[in-house]
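Please open the model in your viewer and keep the sequence panel beside it. The stops below give a selection and then what is found there.

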Amino acid sequence: MRASLADQPRCLAVALGANLPSSVGDPRQTLLSVRPLLEQLFADWAGEVLHCRWSPLLETAPVGGPLEQPMYLNAVVLVQGMNRVPHQDAALELLVSLHTLERQFGRDRVREQRWGPRTLDLDLLFWDELRLAHPRLVLPHPRMHLRAFVMQPLLAAMQGSVDWTA
């Protein structure tokens, strides 16, 4: 186990969250269904087989947005071992793929309320040491360190992968 993000081999992290049902079922079923799709998405994007370390699924209270929304189910995947060099164009390409996957599970970013309920949320948290301030993507994620629902699963993923079906 490596003690900090700086000690991790070339890696990126994506946060997952859901608190509304999607076409495949409740938020747990959504995240179970999206997991293999994300692993394939990362492999296709990177052009190589990658190692994914998954946090446990954590139920968390909503932060921001409407008051009476359901609890969230959150997780983080840490993707390691890629040879692809971090740069803006590749990060934006990955972001487009993540948003496409969100839409497959019923998310409509245009119509939803900021920090409101959603069927699936996929946030690129960081990619190595890449610093990016693009209108569509800021890396590392600017509020990541303020969100226990991101940091707790990120730290868990750094310590090892968890099988969600057990």
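Is arginine 109 buried, partly exposed or exposed? Select it: with a relative accessibility of 37%, arginine 109 counts as partly exposed. The classes are buried under 20% relative accessible area, exposed over 50% and partly exposed in between, with a 1.4 Å probe and protein chains only.

Before moving on, two notes on conventions. This is a predicted model, in which local features need pLDDT of at least 70 and side-chain atom pairs count only at pLDDT 80 or more, while totals for chains, interfaces and linings use all residues. Residues are numbered from 1 along each chain as its sequence is written, and side-chain values use heavy atoms, with hydrogens and water left out.

**Stop 1: the charged network.** Keep arginine 109 and add glutamate 102. The two form a salt bridge whose closest N and O atoms are 2.7 Å apart; the criterion is a side-chain nitrogen of Lys or Arg within 4 Å of a carboxyl oxygen of Asp or Glu. Next add aspartate 121, which forms a salt bridge with arginine 109 at 3.7 Å between the closest N and O atoms. Arginine 109 is in the loop between helix 2 and strand 5 and aspartate 121 is in strand 5, so this pair ties together parts 12 residues apart in sequence. Helices (H or I, at least four residues) and strands (E, at least two) are DSSP runs numbered from the N terminus.

Add arginine 107, whose salt bridge with glutamate 102 has its closest N and O atoms 3.0 Å apart. Glutamate 102 counts as buried because its relative accessibility is 1%; arginine 107 is buried at 6% and aspartate 121 at 13%. With Arg118 included, Glu102, Arg107, Arg109 and Asp121 are linked in a network of salt bridges. The whole structure has eight salt bridges.

**Stop 2: arginine 118.** This residue sits in the loop between helix 2 (88-104) and strand 5, and counts as buried at 9% relative accessibility. Beyond residues up to four places away in sequence, arginine 118 touches Ala18, Asn19, Leu20, Tyr72, Arg107, Glu112 and Gln113; contact means heavy atoms within 4.5 Å.

**Stop 3: aspartate 123.** Move to strand 5 (residues 121-127), where aspartate 123 lies. Which side chain of opposite charge is nearest to aspartate 123? It is arginine 109, 4.1 Å away, and aspartate 123 is buried without a salt bridge. For charge, Lys and Arg count as positive and Asp and Glu as negative, with His and the chain ends not counted. The contacts of aspartate 123 outside four places in sequence are Ala13, Val14, Ala15, Arg109 and His141.

**Stop 4: strand 1.** Select residues 11-18. Eight of the eight residues of strand 1 are buried, so the strand is largely enclosed by the rest of the structure. Cys11, Ala13, Ala15 and Gly17 point one way, and Leu12, Val14, Leu16 and Ala18 the other. Strand 1 pairs antiparallel with strand 4 (residues 72-80) over eight bridges, and six bridges join it, also antiparallel, to strand 5; pairing requires at least two DSSP bridges. Glycine 17 has asparagine 74 as its bridge partner in strand 4, while alanine 13 stands opposite phenylalanine 126 in strand 5.

**Stop 5: helix 3.** Select residues 148-159. The buried residues of helix 3 are Val150, Pro153, Leu154, Ala157 and Met158. On the other side, Ala148, Gln152 and Gln159 are exposed. Finish at glycine 160, just after helix 3, which takes a positive phi of about 150°.
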